[in-house]
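Reader: I'm new to this one and would rather see one part properly than skim everything. Please pick a spot and walk me through it and whatever it leads to.

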Amino acid sequence: MGAKGAVSAPGPDGQPRKVSRRFPLFTRDTARPEGGGRAASGDAPAPARQWPLLGVCAVVGLGLLLTALDVFRVGTMLVGLALVGGAVLRWAVPDVGMLAVRSRFTDMVTYGALGTAIVLLAMMAQPEPWLEIPFLDDTLHFTIDS
């Protein structure tokens, strides 16, 4: 029982199989996302092992509470900043637990883009926007008839 060259796990017959560099025709398993391990050691209590996700969820919860208490702009910006913070955590911390959903790059781009969009939209919300983008005003003039 010996295979020469690169081998993988034993096949259905128990013999080692030669591996190929080609992608398999059928996916039989899913890989954990990089950084998807525990954020704290295994002997720490369960919530402490997921501190990055709990931190982001706590800030989002605070933002939603402020939004419900009629502090719309600040609460919504807090939700967006929590997502941007999740992107920063995904970049800076090697193991972020369940905050890792996809590859590191995809998570950072997704969290960062969504967080930035939410913050910008919260700053442009009416009445009295904190941020005015001039070309958007011109664009609306062409779409709305008065």
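Author: Let's start at Asp 70, which counts as exposed because its relative accessibility is 69%. (Exposed means over 50% relative accessible area, buried means under 20%, and partly exposed is in between, using a 1.4 Å probe and protein chains only.) Before going on, keep in mind that this is a predicted model: local features need pLDDT of at least 70, side-chain atom pairs count only at pLDDT 80 or more, and totals for chains, interfaces and linings use all residues. Residues are numbered from 1 along each chain as its sequence is written, and side-chain values use heavy atoms, with hydrogens and water left out.

Asp 70 sits in the loop between α2 and α3. (Helices are DSSP runs of H or I with at least four residues, strands are runs of E with at least two, and both are numbered from the N terminus.) Its backbone has a quirk, too: phi is near 70°, a positive value in a residue other than glycine. That happens just after α2 ends.

So what's on either side of this loop? Take α2 to begin with, residues 51-68. Its 18 residues should span 26 Å at 1.5 Å a residue, and the end C-alpha atoms are 25 Å apart, which agrees. (The expected span is 1.5 Å times one less than the number of residues.) Pro 52, Val 56 and Gly 63 are the buried residues of α2. They sit on the same side of the helix, because the arc they cover around the axis is only 25°; that arc is taken from the directions from the helix axis to the C-beta atoms. Turned away from that buried side is a face with the exposed residues Leu 64 and Ala 68. An α-helix has 3.6 residues a turn, so residues three or four places apart point the same way.

What helps cover the buried side of α2? Part of the cover is α3, the helix on the other side of our loop, residues 72-92. With 21 residues, α3 reaches 30 Å from first C-alpha to last, close to the 30 Å expected. Quite a list of its residues is buried, including Arg 73, Thr 76, Ala 82, Leu 83, Ala 87 and Arg 90. The cover over them includes α2 and α4, the latter being residues 104-124.

Thr 76 gives you a feel for that. This α3 residue counts as buried because its relative accessibility is 17%. Beyond its neighbours within four places in sequence, Thr 76 is in contact with Thr 67, Ile 118 and Ala 122, where contact means heavy atoms within 4.5 Å.

Helix α3 also feeds the largest nonpolar core: nine residues, namely Val 56, Ala 82, Leu 83, Ala 87, Val 93, Val 96, Leu 99, Ala 100 and Tyr 111. (Such a core is a set of buried Ala, Val, Leu, Ile, Met, Phe, Trp, Tyr and Cys residues joined through side-chain atoms within 4.5 Å.) Three of the nine come from α3, the largest share.

Look at Leu 99 next, out in the loop between α3 and α4. With a relative accessible area of 4%, Leu 99 is buried. Among its contacts are Pro 52, Val 56, Arg 90, Asp 107 and Tyr 111. Leu 99 and Val 56 are 43 residues apart in sequence, with their C-alpha atoms 8.8 Å apart in space.

Two of those contacts, Arg 90 and Asp 107, form a salt bridge with each other, their closest N and O atoms 2.8 Å apart. (The term means a side-chain nitrogen of Lys or Arg within 4 Å of a carboxyl oxygen of Asp or Glu.) Arg 90 is in α3 and Asp 107 in α4, so the pair ties together parts 17 residues apart in sequence. Arg 90 counts as buried, at 0% relative accessibility, and Asp 107 is buried at 0% as well. Asp 107 also meets Arg 102 in a salt bridge, 3.1 Å from N to O; Arg 102 counts as partly exposed at 33%. Together, Arg 90, Arg 102 and Asp 107 are linked in a network, and the structure holds two salt bridges.
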